[in-house]
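Thank you all for coming; I would like to take a few minutes to walk through a structure that may be new to many of you. Please have the sequence and the model open while I talk.

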Amino acid sequence: MGLPALEFSDCCLDSPHFRETLKSHEAELDKTNKFIKELIKDGKSLVSALKNLSSAKRKFADSLNEFKFQCIGDAETDDEMCIARSLQEFATVLRNLEDERIRMIENASEVLITPLEKFRKEQIGAAKEAKKKYDKETEKYCGILEKHLNLSSKKKESQLQEADSQVDLVRQHFYEVSLEYVFKVQEVQERKMFEFVEPLLAFLQGLFTFYHHGYELAKDFNDFKTQLTISIQNTRNRFEGTRSEVESLMKKMKENPLEHKTISPYTMEGYLYVQEKRHFGTSWVKHYCTYQRDSKQITMVPFDQKSGGKGGEDESVTLKSCTRRKTDSIEKRFCFDVEAVDRPGVITMQALSEEDRRLWMEAMDGREPVYNSNKDSQSEGTAQLDSIGFSIIRKCIHAVETRGINEQGLYRIVGVNSRVQKLLSILMDPRTASETETDICAEWEIKTITSALKTYLRMLPGPLMMYQFQRSFIKAAKLENQESRVSEIHSLVHRLPEKNRQMLQLLMNHLANVANNHKQNLMTVANLGVVFGPTLLRPQEETVAAIMDIKFQNIVIEILIENHEKIFNTVPDAPLTNAQLHLSRKKSSDSKPPSCSERPLTLFHAMQSTEKQEQRNSLIDSSLESVVSSNANSILNSSSSLQPNVNSSDPDLDVLKPTRPNSLTPFRKAKALYACKAEHDSELSFTAGTVFDNVHPSQEPGWLEGTLNGKTGLIPENYVEFL
């Protein structure tokens, strides 16, 4: 087990657990620092003491063999294991070189001593300085806090207010210093994986050139050297990606801008938070927005009040519609959706309060949400896995493979955002999307087309490989051997919905073609994993621990590309049958109460009696597709072979039938079978035996609404029975 991740959110609490975790990181840095100092000392002895060359080299080799890397996280990638194993490989080579006793060790100081000394002084030294500053601020904050708490309540009110302000300033400064120190510790721990090993690799390469019989040893070492170089570069690339994400996360948590409004001739203006989809999940960016009712123009200016400057270019769109978001449809409060005439997709905005949202909706002539049970319908300009979505992806792939498959940096180099949005607007227009034979014009650059493809995938309601399977894919990538990883990922892919799997297969076939041309476009399988990992397999929550798992997301994509023919064209080993699935669920339900956080994937809506039979058949179809092999999928696709009867006595179908009451059932009383602790404000906490009033189906799938002690909230439907 590696070192636990340091979460920025724990800096504010400053709990004993956080201090213990921080202390383990500090101990690891001290251990690394001592080892580097010893290694430098041994290297100098190796250069100067030629007569004692044999003993010095063996000591050096022993030191390398004894040191073990401690990585952040609960598992290591193949590249990290290769890097960790490299020290033992180096020690073996040094022992072999001892037999040759060649004394040519020129330039050892430049390639070995200087980089290690630089890393120790600049990186570990900077971490120590940050620790001193952190300890000093800790002592200062605690001292001022104790002094503040000892103030007499008989002091003048002005003196007390001044003391309160002083404590708040010191507390804020202590929090910022704590965040900076944690960030520096994380950075040094990651840097040592490549900045520490690279000088050793360079030193060994120099030794080979000066040994009389070194050629044969160098030739034998060449394969591992190549593998290690690739691993170091991959680790460096992943570090650059995770470092920017960690730094971005730290900055967002440090920012605390003030909010204010001004009066102007605009119909409405003020600050709003706008949801933007990025490579890694989604983020809410603060904008100063203005709206003019006559022209229906919305202007959004990304502005950071703290720094006093813009965070990007202004954007103006023409309002098409404005709809309030229900609280149970999104985690954020005070949200509403805006659709624009000249921009694809839905813009989700968050107001500062319920009153603020009401004013914005009145200004924009907003409407209440309408929930439609037809899940296949798609609003114009929304990214979906429908015929238009598949058409867009196929057009982009065709353009890339016919015109730009050999372009260097394919998919890594991004296009101009305005051009990408314009191309997407054209492709997502139903009038042009229906023209399946029309190719993308040659006037569009390849980098614009590749950016449009990635942007469309990020515009989907959820990642292509789905939030619910994200942890399973990560666990599969952490398995010890490659065969197990491929087998588990193979099985998981066939649990994805049909459209998701088809789109994933289309994309992986294309990326395999791109990787086959890596000598021209420089995009290896590893590089494509770095580009598409966060897009296809992003987590639902943005934390430091999740950022550290990006490298395993990349490995999943690499496995999909390298094994795409097997994964998508063959049946996984030993798939579960319907009877096995029914028995497994039955045993699980008998042995333990259901999890409070489980939500069935099936949506229940109010419908007429003639629609209920069709909905049940659709439910059975979709459930069967998620557990059978691809051979069974071909049967499901045949309309003549699967028209299940919901009145059938087949036990395999019983598990798939909805057991919740019909949506038209009147309000009833229900009794809790198990205790449950609420995870959100909209849910109810209760103990076993609690009786609820006015229980009825909710819009949230898998949940009921009920009243307890005058409070109305959500109840897991598999936790209660009706009275």
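**Cavities, pockets and rings**

Let me begin with the lining of the second largest cavity, which, sorted by class, has 4 nonpolar, 2 polar and 3 charged residues. Before I go further, please keep in mind that this is a predicted model. The residues that line this second largest cavity are Phe183, Gln186, Glu187, Glu190, Phe239, Thr242, Arg243, Val246 and Met548, and the elements that give two or more residues to that lining are α6 and α8. As for its volume, the second largest cavity comes to about 60 Å³.

How many cavities of 30 Å³ or more are there? The count comes to 3, and the largest cavity holds about 120 Å³ of space. Around the largest cavity we find Thr77, Glu80, Glu190, Met193, Thr235, Arg238, Phe239, Thr242, Met548 and Lys551, and here too the elements that contribute two or more residues are named quickly, being α6, residues 157-195, and α8, residues 214-254. Which of the elements gives the most to this lining? That is α8, with 4 residues. By class, the lining of the largest cavity is made up of 3 nonpolar, 3 polar and 4 charged residues.

From the cavities I turn to an open space, the second largest pocket, whose volume is about 460 Å³. Its lining consists of 24 residues, and those that lie nearest the centre of the pocket are Asp79, Ile230, Asn234, Ala526 and Glu558. Two or more residues of this lining come from each of α4 (78-100), α8, α15 (482-493), α18 (525-536) and α20 (550-562), with the largest share, 8 residues, coming from α8. Sorted by class, the lining of the second largest pocket has 7 nonpolar, 10 polar and 7 charged residues.

Next, the aromatic rings, of which the structure holds 11 pairs. One of these pairs is formed by Tyr271 and Tyr288, which meet edge-to-face, 5.0 Å centre to centre and with 75° between the planes. Why does this pair tie together parts that are 17 residues apart in sequence? Tyr271 lies in strand β1, residues 268-277, whereas Tyr288 lies in strand β2, residues 282-292, so the pair spans those two strands. Both Tyr271 and Tyr288 are buried, and Lys286 lies over the face of Tyr271, 4.7 Å from the ring centre.

Another edge-to-face pair is that of Phe686 and Phe692, again with 5.0 Å centre to centre, and with 85° between the planes. Phe686 is buried at a relative accessible area of 6%, and Phe692 also counts as buried, at 0%. Elsewhere, ring pairs join Tyr134, Tyr141, Phe174 and Tyr181 into a cluster, and the charged end of Lys478 sits over the ring of Phe552, at 5.1 Å from its centre.

Let me now look at two helices. In helix α11, which covers residues 417-427, Val420, Leu423, Leu424 and Leu427 are buried. Looking down the axis of α11, one sees that its buried residues fall within an arc of 100°, and therefore they line one face of the helix. In helix α10, residues 387-403, we find Val400, and this residue is buried, with a relative accessible area of 0%. Val400 and Tyr411 are 11 residues apart in sequence, and their C-alpha atoms are 9.9 Å apart in space.

I will end with the backbone. Most residues other than glycine have a negative phi, and with that in mind I would point to two residues in this model. Phe334, which is not a glycine, has a positive phi near 60°; it is found in the loop between β5 (315-324) and β6 (335-340). Is Phe334 buried or exposed? At 16% relative accessibility, Phe334 counts as buried, because the cut-off for that class is under 20%. Asn694 likewise is not a glycine and has a positive phi, of about 55°, but Asn694 lies in strand β9, residues 691-697, and at 39% relative accessibility it counts as partly exposed.

Conventions
Residues numbered from 1 in each chain as written. Predicted model: local features only at pLDDT ≥ 70, side-chain atom pairs only at ≥ 80, totals over all residues. Heavy atoms only, no water. Phe/Tyr/Trp six-rings, centres within 6.5 Å; stacked < 30°, edge-to-face > 60°. Buried < 20%, exposed > 50% of the residue type's maximum accessible area, 1.4 Å probe, protein only. Lys NZ or Arg CZ within 6 Å of the ring centre and 35° of its normal. 1 Å grid on protein atoms, 1.4 Å probe; cavity = no way out; pocket = protein on both sides within 12 Å on 5 of 7 lines; lining within 4 Å. Points joined across faces, edges and corners; volume = space filled by probe spheres on them. Nonpolar A, V, L, I, M, F, W, Y, C, P; charged D, E, K, R; others polar. Arc of directions from axis to C-beta.
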